[in-house]
Amino acid sequence: MPSKKALVRRPGPRLAEGLVTHVERRKVDHGLAVEQWEAYTEALRAHGWETLEVERADDCPDSVFVEDTVVMFRNVALITRPGAESRRAETAGVEEAVARLGCSVNWIWEPGTLDGGDVLKVGDTVYVGRGGRTNAAGVQQLRAVLEPLGARVVAVPVSKVLHLKSAVTALPDGTVIGHIPMMDVPSLFPRFLPVPEESGAHVVLLGGGKLLMAASAPKTADLLAGLGHEPVVVDIGEFEKLEGCVTCLSVRLRELYG
């Protein structure tokens, strides 16, 4: 049976120092952030996901955004080399976690940079954002690892947001959703649905038509519910102050087989 495991990492004490690139810095309430993170992880568990806590990286303010440290494709884990040098120490604990799960481990090497938030998988198509955190060498290395496994890698320009998945994610049927003002080239996606809110572009597929979504996108939740999906809403407002979204806070491992 396919797996339903999710890697997560508890917010560290320096969370409020996290990087911001496309937004103005706002004060982060650390206590509230921890409460929101716990509610997020509980929502995963409530819908059948086993959450696995990666070893904390308290010296890394952005370490809660665990998605950026690894790209999963089937049973292969590609350990990233984050575009922000201050984040590169985050990958060691994640590498250890995926190795314990029996994944085949690969790496992005210098001069390549790649953030996991720049990688959107839709079936065997892998979209990779080329922007501020992922460079051309990172795209080339991703392609070299994944194409022999049957992936079709499509590079997408990203300039208006931090990561590709800050602009777009995908519904269970493969339709890409996004907020057009945050996108560079919407026409790159063959099946595309515009959504009315920036944070509405971010969904995590929980299974059974359920979509984990941010509470800050009520209009999009209504839109998707009207199309037959079931939004599961969580408040991640403290993480949104740091350009985080629902996808950033976990790595879902769906294709680990015992």
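The exercises below, each with a worked solution, concern a predicted model.

**Exercise 1. The unit formed by β1, α1 and β2**

Determine the sense in which strands β1 and β2 pair, and the hand of the unit they make with helix α1.

Solution.
1. Locate the strands: β1 covers residues 5–8 and β2 covers residues 50–53.
2. Read the pairing: β1 and β2 are joined over four bridges in the parallel sense. One of the bridge partners to check is Thr51 in β2, which pairs with Ala6.
3. Add the connection: helix α1, residues 30–46, forms a β-α-β unit together with β1 and β2, and the unit is right-handed.

**Exercise 2. The largest nonpolar core**

Find how many residues the largest nonpolar core has, and which element gives the largest share.

Solution.
1. Start from the expectation: in soluble globular proteins, nonpolar side chains tend to be buried together.
2. Count the members: the largest nonpolar core holds 25 residues.
3. Pick out the residues with the most contacts inside the core: Tyr40, Leu44, Leu212, Ile236 and Phe239.
4. Assign elements: at least two residues of the core come from each of β1, α1, β12 (204–207), β13 (210–214) and β14 (230–234). Helix α1 gives the largest share, with five residues.
5. Examine Tyr40: leaving out residues up to four places away in sequence, Tyr40 touches Val204, Leu212, Val234, Ile236, Val246, Leu249, Ser250 and Arg252.

**Exercise 3. The sheet β12-β13-β14**

State which strands stand at the edges of this sheet and what follows for their sides.

Solution.
1. Establish the order: three strands form an open sheet as β12-β13-β14, and the pairing is mixed.
2. Find the edges: β12 and β14 each have a single partner strand, so each has one side without a neighbour in the sheet.
3. Give the twist: on average, neighbouring strands here are turned by 35° against each other, direction ignored.
4. Take the pair β12 and β13: three bridges join them in the antiparallel sense. Val204 has Leu212 in β13 as its bridge partner.
5. Place the helix: α4 (residues 218–226) lies across β13 and β14, at about 170° to β13.

**Exercise 4. The sheet β3-β4-β5**

Work out the edge strands of this sheet and the helix that packs on it.

Solution.
1. Establish the order: this open sheet has three strands, β3-β4-β5, with mixed pairing.
2. Find the edges: β3 and β5 (104–107) pair on one side only and are the edge strands.
3. Give the twist: the average turn between neighbouring strands is 25°, direction ignored.
4. Take the pair β4 and β5: strand β4, residues 76–79, runs parallel to β5 and is joined to it by four bridges. Val76 stands opposite Ser104 in β5.
5. Place the helix: α3 (residues 136–146) packs on the sheet and touches β3, β4 and β5, with its direction at about 165° to that of β4.

**Exercise 5. An aromatic pair**

Classify the ring pair Phe65 and Phe239 as stacked, tilted or edge-to-face.

Solution.
1. Choose the descriptors: a pair of aromatic rings is described by the distance of the centres and the angle of the planes.
2. Count the pairs: the model has three aromatic pairs.
3. Apply the distance: the centres of Phe65 and Phe239 are 6.2 Å apart, and the cut-off is within 6.5 Å.
4. Apply the angle: the planes stand at 85°, and angles over 60 count as edge-to-face. The pair is therefore edge-to-face.
5. Place the residues: Phe65 is in the loop between β2 and β3 (70–73) and Phe239 is in helix α5 (residues 237–240), so the pair ties together parts 174 residues apart in sequence. Both Phe65 and Phe239 are buried.

**Exercise 6. Backbone and burial in the loops**

Decide whether Arg74, Glu243 and Thr69 are buried or partly exposed, and note the unusual backbone values.Solution.
1. Arg74 lies in the loop between β3 and β4. Its phi is positive, about 55°, although Arg74 is not a glycine. With a relative accessibility of 33%, Arg74 counts as partly exposed.
2. Glu243 lies in the loop between α5 and β15 (251–253). Its phi is also positive, about 65°, and Glu243 is not a glycine. At 13% relative accessible area, Glu243 is buried.
3. Thr69 is in the loop between β2 and β3. Its relative accessibility is 0%, so Thr69 counts as buried. Beyond residues up to four places away in sequence, Thr69 touches Leu78, Ile79, Thr80, Glu90, Thr91 and Val94.
4. Pro111 is in the loop between β5 and β6 (119–122). The peptide bond from Glu110 to Pro111 is cis, with omega near 10°.

Note on methods: Residues numbered from 1 in each chain as written. Predicted model: local features only at pLDDT ≥ 70, side-chain atom pairs only at ≥ 80, totals over all residues. Heavy atoms only, no water. Pairing = 2+ DSSP bridges. Right-handed = clockwise from strand over helix to strand, strands pointing away. Phe/Tyr/Trp six-rings, centres within 6.5 Å; stacked < 30°, edge-to-face > 60°. Buried < 20%, exposed > 50% of the residue type's maximum accessible area, 1.4 Å probe, protein only. Contact = heavy atoms within 4.5 Å. Axes fitted to C-alpha atoms, helices over the stretch in contact; angles between N-to-C directions. Core = buried A, V, L, I, M, F, W, Y, C linked by side-chain atoms within 4.5 Å.
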